[in-house]
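User: Please take a close look at one part of this model. Start from a single spot and work outward, in plain words.

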Amino acid sequence: MLSVLRNRAYRHLFTAQVIALVGTGLATVALGLLAYDIAGADAGSVLGTALAIKMVAYVAIAPAIGAIADRLPRRALMVGADLTRAGVALMLPFVDQVWQVYVLIFLLQAASAAFTPTFQAVIPDVLPAERDYTQALSLSRLAYDLESLFSPALAAALLSLITYNWLFLGTVVGFLASAALVVSAVLPKPVATTTPRSGSVYAKATAGTRIFFATPQLRALLALNLAVAAASAMVTVNSVVYVRDHLDRSATDVSLALGAYGAGSMLVALLLPRLLDRVSDRVVMLSGALLLTVVFAGLGAITTAGSGGWRWGALLATWAAFGAACSMVLTPTGRLIRRAAPPEERTSAFAAQFSLSHSCWLLTYPLAGWLGAAAGLQSAVLALGMIALFAALLAVRLWPSHAPTTVEHVHEHGDLGEGHPHIVDAHRVPAGWRHSHDYLPDSLHAHQ
């Protein structure tokens, strides 16, 4: 898996991703402490609102970035996003009002919504071989999981020496280092196209979403995103409730539970590159989604049990299984998008995935918290488990084993005159001529 790091451009981009993730992790810890300083006992509601703002920024900004991505150099877009994030992080220690936190969080996450899809769309060009790209996806999954374990530990160590405000400085350094590494990476030129995208801003912003709805595998991915969101919301929101209240264990054990989730995810990420050489993405991803429903059933048994020392070990195993199943779905996602979207539309497609997947979390995060608090954990498990089951079965239905491997790519020409052989089957629209091609995934025959 580490062989892809021999590619200098990818090595620099991957390092930039890791450093930025660590910086974001430090900011997450510091933000919680900042919220407590400002709001006291209401810090939880402040953080909950900040999380909702984060999701809204992701859902709203990513498609807009997809609409203008073809007009901007990819390096400049990523560096600009990093510098914006660094600037926002530099301002956070000086805020003293809750509304200021909300504004800065929106700006920070809006910049992330610009950086992440662009970064994801660049990697297939840097690593065009399927095997290399699959290994890169696994490394990226490992980076996210390791960050969730490493950043809190690093923050705890630093907080024994400095006040939390200095953690924001670590975030600033992380984003500046990320920008420097992106600048130093030699990126391949985007695929040239003689058919620049035309149409309204709305049409451009929804181009990636249209690709999703035109492709059976990506329609299924929409449902898979919902299944993953149901499970990850249960873990993220209610881990502390299970450990502290339901099992009456120490605060340290909350970290162990979250670590079990990360361990399950990392194990699968390590195994998937070889597995995907022999088993299709469809089998792996649908199996992961169906496994989530089984794990929810096990969690229901743990939740119902009122006593027993076995529950702690069972919870750790359940969280690890959740992590493994989510990784089975999430890790190959980039392969589906890479195959379905023409190279010139990849940023739009990755932006659509970023926005649509976070729309699912925007639904399941508050549901996991509010339902668990109002009606109890058993109700939350039942509701989210049913969502996961519905989504998994819908994905199976939407992604038949005989799904076509071609995608209809509709586009317009504004620069070709009537009678040109390329538009013999086209019809006139205000912008020129519109027609379609069947796009062949993993080939060099994308429309150019």
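Analyst: From one loop to the helix packing

Aspartate 248 sits in the loop between helix H9 (216–246) and helix H10 (252–275). Helices here are DSSP runs of H or I with at least four residues, strands are runs of E with at least two, and both are numbered from the N terminus. The model is predicted: local features need pLDDT of at least 70, side-chain atom pairs count only at pLDDT 80 or more, and totals for chains, interfaces and linings use all residues. Residues are numbered from 1 along each chain as its sequence is written, and side-chain values use heavy atoms, with hydrogens and water left out.

Is aspartate 248 buried or exposed? It is exposed, at 67% relative accessible area. The cut-offs are simple: buried is under 20% relative accessible area, exposed is over 50%, and partly exposed lies in between (1.4 Å probe, protein chains only). The backbone of aspartate 248 deserves a look too. Its phi is near 55 degrees, a positive value in a residue other than glycine. Most residues other than glycine have a negative phi.

Now follow the chain into H10. This helix packs against H12 at an angle of about 40 degrees, and the two axes are 7 Å apart. Such axes are lines fitted to C-alpha atoms, for helices over the stretch in contact, and the angles run from 0 to 180 degrees between N-to-C directions. H10 and H12 cross in a right-handed way. Handedness works like this: a crossing is left-handed if the near helix is turned anticlockwise from the far one by less than a right angle, and right-handed if clockwise. Which residues of H10 and H12 meet? On the H10 side they include Asp253, Leu256, Tyr261, Gly264 and Leu272. On the H12 side, Trp312, Trp319, Phe322 and Met328 are among them. Contact means heavy atoms within 4.5 Å. By class, the residues of the H10 and H12 contact are 16 nonpolar, four polar and one charged. Nonpolar covers Ala, Val, Leu, Ile, Met, Phe, Trp, Tyr, Cys and Pro; charged covers Asp, Glu, Lys and Arg; the others, Gly among them, are polar.

H12 has another partner. The axes of H11 (residues 281–304) and H12 (residues 310–330) come within 8 Å and cross at roughly 160 degrees. That makes H11 roughly antiparallel to H12. Angles over 145 degrees earn that label, while under 35 is roughly parallel, 65 to 115 roughly perpendicular, and the rest oblique. The crossing of H11 and H12 is left-handed. From H11, the residues that meet H12 include Val284, Leu291, Leu292, Phe296 and Ile302. From H12, they include Trp310, Arg311, Leu315, Trp319 and Val329. The classes in this contact are 20 nonpolar, three polar and one charged.

H11 also packs with H15 (residues 377–398), at about 160 degrees and with axes 9 Å apart. H11 is therefore roughly antiparallel to H15. H11 passes H15 in a left-handed crossing. Arg282, Leu286, Leu290, Phe296 and Thr303 are among the H11 residues in this contact, and H15 adds residues including Gln378, Val381, Leu384 and Val396. This contact of H11 with H15 has 14 nonpolar, six polar and one charged residues.

One residue of H11 is worth a stop. Aspartate 281 lies in that helix. Is aspartate 281 buried or exposed? It is buried, with a relative accessible area of 3%. Its side chain makes a polar contact with the side chain of arginine 339, at 2.6 Å. A polar contact is a pair of N or O atoms within 3.5 Å; within protein, one must be able to donate a hydrogen and the other to accept it, and residues adjacent in sequence count only if both atoms are side-chain atoms. Leaving out residues up to four places away in sequence, aspartate 281 touches Leu276, Pro332, Arg335, Leu336, Arg339 and Trp399.

H10 reaches another part of the chain as well. Serine 138 is in helix H5 (residues 130–159). It is buried, at 0% relative accessible area. Its C-alpha lies 8.6 Å from that of methionine 266, although 128 residues separate the two in sequence.

Finally, step back to the whole chain. It has 15 helices and three strands. Of its 448 residues, 51% count as buried. Take the contacts with a separation of 6 or more: residues 24 or more positions apart account for 82% of them.
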